[in-house]
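Here is a short report for a reader meeting this structure for the first time. Have the sequence and the 3D view open while reading.

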Amino acid sequence: MIDTPKTNLQWLLADRPIDRAVRESDFKLHEAPIPEPKEGEFVIRVIYSSLAPVMRFYMLDGAGIEEPLEIGDVMRGRGVGQVVTSKNPDYMPGDIVHGKMGWQQYAVADGSPYYLMYKVSQREVPVSTALGVLGMTGFTAYFGLFDIGKPVAGETVLVSGAAGGVGSNVGQIAKIRGCKTIGIAGSKEKCELLVDSLGYDAAINYRDGDIGAQMDATCPDGIDVFFDNVGGEILDEGLARINKYARIVACGQISQYIGDGSPRPIKNAYKIGRLNALMQGFLIYDYAPRLAEAESGMVQWIREGRLTYQEDILDGIERMPEALIRLYDSKNKGKQLVQVSPDPF
Ligand SMILES: NC(=O)c1ccc[n+]([C@@H]2O[C@H](COP(=O)([O-])OP(=O)(O)OC[C@H]3O[C@@H](n4cnc5c(N)ncnc54)[C@H](OP(=O)(O)O)[C@@H]3O)[C@@H](O)[C@H]2O)c1
């Protein structure tokens, strides 16, 4: 049971994981007073904090989408929380909001675009879903699949990282579209989750034998849409089996995130040209003007019982570093979150 915090525990960046994996000692816990808002600002009690693979790059260089963090800065991250005090007329105490809050128990924000702040109005589902299925994670699945993957009923959709935050949504949405869905994950247990709970037609355990042979067995008609979250060998093996006019959604490359920065060469990229295929990356933040479209579609599917959500929640701000490392160690099932303070409802 999480209590309402009386001070503001914060995780500060203490070291950069240059050419190595993230360690708990890269972060330092710091106790600060609960902040007071200045004119135009509001203070949020953080309820859930989101963990994402991109965070290792926040620690190194800002990931190309943000200013680099300095050593001693509060670690960057999005959260969902409740406004507790406000000197901004657009945000009132009691409002539930989503946005950049950092790894801390209380965050200060203003209405500026930097904070990606918006009010969470959805009350049919737990507030945690504003960081998962009804947040950037779910919207990444939705726009990556529909805008780039363009799945057509009857097509074969292959998803890597299928039991993770994004991947646990992609297969379900492709299934709603009437596709055959094959998920790739790194354990027997996760493969069972894919088929038993997340509606995948079949699963591939990439740690259990020849990945290519498993793709041949589960995708006998080839791959029409490949939603790739991991890159590296899995991407290469998938490219070797794409069909004419296939669409490859380059969502992420987590298998390449730790290392010396030189990605594994991809042998089968030539297939894209030979088969008139399309491979495209994207950044979910570029879809900001269209997020409501994804949310309304996904809320409807949740109501109809066609879309479930998989969350992996650790309790307590103290566990933030551990929760981040779980992503790179393949421990999470579904969206990795930390509960920082009590649920409001
Ligand atoms: N384009 C965008 O705007 C955007 C937005 C959000 C996320 N992303 C990207 O989408 C991907 C998924 O993000 P997420 O937040 O949902 O994270 P996630 O899938 O929950 O990430 C953790 C999972 O990645 C898998 N993994 C870790 N190391 C691996 C490796 N070496 N090889 C294969 N799989 C590995 C593990 O599952 P297994 O047990 O299966 O190994 C682990 O549980 C990431 O690459 C992320 O950077 C992109």
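The report covers the domains, the ligand shell and three helix pairs.

## Domains

This is a predicted model. The domain assignment splits the chain into domain 1 (8-132 + 310-339) and domain 2 (136-284). Domain 1 is thus written as two stretches of the chain, 8-132 and 310-339. The centres of the two domains, taken over C-alpha atoms, are 28 Å apart.

The domains touch. Domain 1 gives 16 residues to the contact, and domain 2 gives 17 residues. What classes of residue does domain 1 bring to the side that touches domain 2? That side has five nonpolar, six polar and five charged residues.

## The ligand shell

How many residues surround the ligand? The shell holds 30 residues. Gly 164, Gly 165, Gly 186, Gly 252 and Ser 330 are the closest. Two elements each give two or more residues to this shell: α2 (136-149) and α9 (320-328).

Both domains take part. Domain 1 and domain 2 each supply at least three residues to the shell. By class, the shell has 14 nonpolar residues, 15 polar residues and one charged residue.

## Helix α2 with α3

Helix α2 also packs against other helices, and α3 (residues 167-176) is one of them. The two axes come within 8 Å and cross at roughly 45 degrees. That angle makes α2 oblique to α3. The crossing is right-handed.

From α2, the contact uses Gly 138, Ala 141, Tyr 142 and Leu 145. They meet Asn 169, Val 170, Ile 173 and Ala 174 in α3. By class, the contact of α2 with α3 has six nonpolar residues, two polar and no charged.

## Helix α2 with α8

Which way does α2 run against helix α8 (residues 291-303), and how far apart are the axes? The axes cross at roughly 95 degrees and come within 10 Å. The angle lies between 65 and 115 degrees, which makes α2 roughly perpendicular to α8.

On the α2 side, the contact is made by Gly 138, Phe 139, Tyr 142 and Phe 143. On the α8 side, Leu 291, Ala 294, Gly 297 and Met 298 take part. The contact of α2 with α8 divides into six nonpolar residues, two polar and no charged. Gly 138 and Tyr 142 of α2 appear in this contact and also in the contact with α3.

## Helix α5 with α6

Another pair is α5 (residues 211-218) and α6 (residues 232-239). These helices pack at an angle of about 45 degrees. Their axes are 10 Å apart. The angle makes α5 oblique to α6. The crossing of α5 past α6 is right-handed.

Which residues meet here? Ile 211, Gly 212 and Met 215 come from α5. Glu 233, Ile 234, Glu 237 and Gly 238 come from α6. By class, the contact of α5 with α6 has three nonpolar residues, two polar and two charged. The charged residues are Glu 233 and Glu 237 of α6.

Definitions and conventions: Residues numbered from 1 in each chain as written. Predicted model: local features only at pLDDT ≥ 70, side-chain atom pairs only at ≥ 80, totals over all residues. Axes fitted to C-alpha atoms, helices over the stretch in contact; angles between N-to-C directions. Helix = DSSP H or I, 4+ residues; strand = E, 2+ residues; numbered from the N terminus. Parallel < 35°, antiparallel > 145°, perpendicular 65-115°, else oblique. Left-handed = near helix turned anticlockwise from the far one by under 90°. Contact = placed C-beta atoms within 7 Å. Near = placed C-beta within 6 Å. Domains from an automatic or database assignment.
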